[in-house]
Amino acid sequence: MKLMNRRRRFLRNALTAAGAGVLAGCDRLSQTDWAPRVLESAEHLTHAVQRVVAPPSAMAREFGEADISPVFRPNGSTNPQTREYRALAADDFRGYALRVGGLVARPLSLSLERLRALPSRTQITRHDCVEGWSVIGKWTGVQLSRVLDLAKPAQRARYVVFRCFDVMDDGHPYYESIGMDDARHPQTLLAYGLNDKPLPTPNGAPLRLRVERQLGYKQAKYLSAIEVVDSLAGIGDGNGGYWEDQGYEWYAGI
Ligand SMILES: Nc1nc2c(c(=O)[nH]1)N[C@H]1C(S)=C(S)[C@@H](COP(=O)(O)O)O[C@H]1N2
Ligand SMILES: [Mo]
């Protein structure tokens with residue numbers, strides 16, 4: 001998979017260089033309009049290859065208590081400042097509710113109490129950031145598949161989009177998305193606990209995603225809502241996530 005990533009990066013750099021040359025004098029818009037469409041086909045091919053190597057049902061490795069990192073290093077947003085988030089945090093998230101909507105038969109609004117009352121799963125896994133560091137943590141939460149079962153996605157549902165409370169430096173909110181295979185995977189959690197304690201603020205309180213066979217940036221923190229959709233077009237810049245909109249791969253398999 002490492003090789004694939006390098007090949008893709010090479011391809012992207014080559015395309016960017018080609019774009020700069022061929023489109024010299026054109027505005028940047030036409031460049032960005034052209035490049036993603038070419039890259040998209042390479043991206044889909046890689047996802048397909050990845051699915052053959054590791055089928056959708058493959059489990060991520062789970063570790064033992066002794067492997068847990070002393071500190072789960074926080075990254076990206078660590079203390080959202082939006083008014084809505086500050087107000088919820090100030091009241092210890094008593095007023096928090098995860099909204100579940102989009103292409104579902106039963107839209108939901110789930111308090112933390114309700115989420116904690118659903119059957120839970122605990123798993124000790126390794127988190128790999130694209131920057132090149134890893135930490136091992138123990139997550140407790142509800143399987144996303146259980147929440148989807150309650151909401152009843154439509155037949156044509158293809159993705160689950162995760163909306164977050166934090167706004168990044170460029171003014172865009174953080175968001176993420178995964179496909180239905182990963183959404184239904186047994187290790188995919190809406191996590192409210194880290195290392196036997198409530199999820200700390202730097203790590204995404206009160207609720208975050210764990211999708212264990214993908215890189216760190218897919219693990220959306222500070223969840224405000226999840227949305228079931230049949231297309232990622234029209235959400236953010238249409239690439240399925242905040243970092244994806246900056247050029248990172250949508251399927252960040254490890
Ligand atoms: N909402 C939100 N989720 C996010 C981020 C962020 O900035 N905002 N950063 C991502 C990145 S790059 C990583 S590596 C992990 C970091 O999770 P941690 O802070 O618990 O280590 O969260 C991911 N999820
Ligand atoms: Mo990351």
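This is a conversation about how some labels on a predicted model are earned.

Biologist: Before we begin, how do you know that a feature may be described at all?

Modeller: This is a predicted model, where local features need pLDDT of at least 70, side-chain atom pairs count only at pLDDT 80 or more, and totals for chains, interfaces and linings use all residues. Residues are numbered from 1 along each chain as its sequence is written, chains are lettered from A and ligands numbered from 1 in the order in which they are written, and side-chain values use heavy atoms, with hydrogens and water left out.

Biologist: Happy with that. What makes a residue part of the surroundings of ligand 1?

Modeller: A residue is near a molecule if one of its heavy atoms lies within 4 Å of it. Ligand 1 is surrounded by 21 residues, and the closest are Arg73, Asn75, Asp166, Arg208 and Lys221.

Biologist: How is the shell around ligand 1 divided by class?

Modeller: There are 10 nonpolar, 7 polar and 4 charged residues in that shell. Ala, Val, Leu, Ile, Met, Phe, Trp, Tyr, Cys and Pro count as nonpolar, Asp, Glu, Lys and Arg as charged, and the others, Gly among them, as polar.

Biologist: What makes the pairing of Asp166 with ligand 1 a polar contact?

Modeller: A polar contact is a pair of N or O atoms within 3.5 Å; within protein, one must be able to donate a hydrogen and the other to accept it, and residues adjacent in sequence count only if both atoms are side-chain atoms. An N or O atom in the side chain of Asp166 is 2.7 Å from a nitrogen atom of ligand 1, so the pair meets the cut-off. Asn203 has a polar side-chain atom 2.9 Å from an oxygen atom of the ligand, while Gln219 places a backbone N or O atom 2.9 Å from a ligand nitrogen atom. Taken alone, ligand 1 exposes 530 Å², and the protein buries 98% of that.

Biologist: Now for single residues. Why is Ser177 called buried?

Modeller: Buried means under 20% relative accessible area, exposed over 50%, and partly exposed in between (1.4 Å probe, protein chains only). Ser177 has 0% relative accessibility, so the residue counts as buried. Ser177 lies in strand β6, residues 173–179, where strands are DSSP runs of E with at least two residues, helices are runs of H or I with at least four, and both are numbered from the N terminus. The Ser177 side chain also reaches the backbone oxygen of Gly240 at 2.7 Å.

Biologist: And why is Gly101 called buried?

Modeller: Its relative accessible area is 17%, so Gly101 is buried. Gly101 belongs to strand β1, residues 97–102.

Biologist: Why does Arg83 count as exposed?

Modeller: Arg83 has 76% relative accessibility, so it counts as exposed. Arg83 is found in helix α3, and its C-alpha is separated by 9.4 Å from that of Phe165, 82 residues apart along the chain.

Biologist: What makes the backbone at Asp92 and Phe93 worth a look?

Modeller: Most residues other than glycine have a negative phi, and most peptide bonds are trans. Asp92 has a positive phi near 55 degrees, and Phe93 has a positive phi of about 65 degrees. Asp92 counts as exposed at 55% relative accessibility, whereas Phe93 counts as buried at 9%. Phe93 is placed in the loop between α3 and β1.

Biologist: Which peptide bond is cis?

Modeller: The bond from Ala205 to Pro206 is cis, with omega near 5 degrees. Pro206 sits in the loop between β8 (197–198) and β9 (208–210).

Notes
Accessible areas come from the Shrake-Rupley method with a 1.4 Å probe; for residues, only the protein chains shown count as cover.
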